[in-house]
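Here is a guided walk through one protein model, written for someone new to reading structures. Keep the 3D view open and turn it as you go.

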Amino acid sequence: MDNKKTYFRENIDRMDGYTPGEQPKDMRYIKLNTNENPYPPSPAVAKALKSFCSDKLRLYPDPMACELRKTIADIFRLKQENIIVGNGSDDILTIATRAFAGEKKSIACFEPSYSLYPVLAELQDCRCIKIPLKSNDDFSIPANSAEKAKSAKLFYIARPNAPTGTLFPIGEIRKICRKFKGIVFVDEAYADFADDNCVGLLSEFPNLIIGRTLSKSYSLAGLRLGYALASEKIIEGLMKVKDSYNVGTLVQAVATAALKDRKYFNETKKKICRTREYLAESLCRKGFTVCTSQSNFVFAAPPDNDGEGLYKRLKKNGILVRYFKGPVTGRYVRITVGTDSEIKTLLKKI
Ligand SMILES: Cc1ncc(COP(=O)(O)O)c(C=O)c1O
């Protein structure tokens, strides 16, 4: 075989792949780099694991994950037919990309936003139209976004946005849903930490999909459970694209138990929002530029605007935060909201 040739499709050869945040083996780090929840999952999770009968694993899981989807539907006062579940919300994003994007069917997204969206476009060998957010300190949506995304078939919008943590006004999302001719996928991975969400728009817009995850607000990043809410017709189509058994029996049982414990979920969420405000205010007092966060992390630029320098110094001091190089994001670091004591240590080191 010619040395330059590989067995891969050309687009796979061309791409670098997604770079996940560091997952160090050294547990001595205070880990504030991948937006995990610092609190343990609900006690109902441990109970579900203990009472799980391993013989159930002999058989394939329920391909339609009926009980889990019913549990999610009840939370949002929707029908089971409005829900699809996946192996983390990244799986849901992959399913949506495979369903709606391809040659001559581009993706659109804002920049900066979740860095997986352009990677999904590369995998699907389609164009990714990147629409720069305004360069003000809250990275707001530019005018005529739907117009700029016009030739795309799928528009990914993270709300709250990542890595900025900011919440685009709901009116802007409504405007985009109305004007954009393709599918608007509002990625609400962090919406449980926000003042509002787009679920209410589902009844207005048949082209809207909302993505959610148990990785952040339910402390279950290691479990891998994400889901999407949409019209029955859209869910029916997405079901054709997913792997038949994309969520295992154990994951379905544990996720159902976690979702049913509303009290624990609400308490944990409140604690994180309180610590987030303390972190944001403390950073402001230290002269940082801080984006108004509605998520479980804070995007902040130190007074010298050297995000990389701060990231490196904190790492030397045993604290991991996330740094995104680039002319716009390079000024900042993204800090996951940890426990009060972790955040106090961080502030002391800063
Ligand atoms: C905006 C956004 N969407 C989706 C995800 C993926 O989450 P999950 O763990 O459910 O795959 C992340 C993870 O960090 C994220 O930041």
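## A helix and what it packs against

Let's start with helix α5, whose buried residues pack against α4 (89-100), β3 (106-111), β4 and β5 (152-158). Which residues of helix α5 (residues 116-123) are the buried ones? They are L116, Y117, P118, L120 and A121. There's a handy rule behind patterns like this: an α-helix has 3.6 residues a turn, so residues three or four places apart point the same way. Bear in mind as you look around that this is a predicted model.

Just after α5 comes D125, which takes a positive phi of about 60°. D125 does this although it is not a glycine. You'll find D125 in the loop between α5 and β4. D125 counts as partly exposed because 15 other C-beta atoms lie within 10 Å, and being buried takes 20 or more.

## A neighbour in α4

Now look at R98, which lies in helix α4. Is R98 buried or partly exposed? R98 is partly exposed, because it has 15 C-beta neighbours inside 10 Å. If you leave aside its neighbours within four places in sequence, R98 is in contact with Q124 and V241. You can also find L123 from here: R98 and L123 are 25 residues apart along the chain, and their C-alpha atoms are separated by 9.2 Å.

## The seven-stranded sheet

Next up is an open sheet of 7 strands, in the order β2-β8-β7-β6-β5-β3-β4, with mixed pairing. Its edge strands are β2 (83-86) and β4 (128-132), each of which pairs on one side only. From one strand to the next, the twist averages 20°. As a reminder, strands of a sheet pair through backbone hydrogen bonds, either parallel or antiparallel.

Zoom in on the β2 end. Here β2 and strand β8 (residues 226-229) run antiparallel and are joined by 4 bridges. Which residue in β8 is the bridge partner of V85? That's Y227. Helix α3 (residues 66-76) lies across β2 and β8, running at about 125° to β2.

## Loops with odd backbones

A few loop residues are worth a stop. A65 sits in the loop between α2 (43-51) and α3, and its phi is near 45°, a positive value in a residue other than glycine. Unlike D125, which is partly exposed, A65 counts as buried because it has 27 C-beta neighbours inside 10 Å.

Cis peptide bonds turn up too. One of them joins E111 and P112, with omega about 0°, and P112 belongs to the loop between β3 and α5. Another runs from R159 to P160, with omega near -5°. P160 lies in the loop between β5 and α7 (170-179).

## Around the ligand

How many residues surround the ligand? There are 13, and the closest are G88, S89, D90, T213 and S215. Sort the shell by type and you get 5 nonpolar, 6 polar and 2 charged residues.

## Two domains side by side

Now zoom out. The domain assignment gives domain 1 (10-40 + 263-349) and domain 2 (43-261), and their C-alpha centres lie 22 Å apart. The contact takes 31 residues from domain 1 and 27 residues from domain 2. On the domain 1 side, α10 (262-285) and β10 (297-301) each supply at least two residues. It's α10 that gives the most to that side, with 7 residues. By type, the residues on the domain 1 side divide into 14 nonpolar, 12 polar and 5 charged.

Let's finish on β10, where 5 of its 5 residues are buried. Both faces are covered: F297, F299 and A301 are on one side, with V298 and A300 on the other. Strand β9 (residues 289-290) runs antiparallel to β10 and is joined to it by 2 bridges, with T289 having A301 as its bridge partner. A hairpin takes the chain from β9 to β10 through 6 residues. There are also 4 bridges between β10 and strand β12 (residues 333-336), again antiparallel, and here A300 stands opposite V333.

Methods:
Residues are numbered from 1 along each chain as its sequence is written. This is a predicted model: local features need pLDDT of at least 70, side-chain atom pairs count only at pLDDT 80 or more; totals for chains, interfaces and linings use all residues. A residue is near a molecule or strand if its C-beta atom, placed from the backbone, lies within 6 Å of it. Ala, Val, Leu, Ile, Met, Phe, Trp, Tyr, Cys and Pro count as nonpolar, Asp, Glu, Lys and Arg as charged, and the others, Gly among them, as polar. Two strands pair if DSSP finds at least two bridges between them. Axes are lines fitted to C-alpha atoms, for helices over the stretch in contact, and angles run from 0 to 180 degrees between N-to-C directions. Two residues are in contact if their C-beta atoms, placed from the backbone, lie within 7 Å. A residue is buried if 20 or more other C-beta atoms lie within 10 Å of its own, exposed if 12 or fewer, and partly exposed in between; C-beta atoms are placed from the backbone. Domain bounds come from an automatic or database domain assignment.
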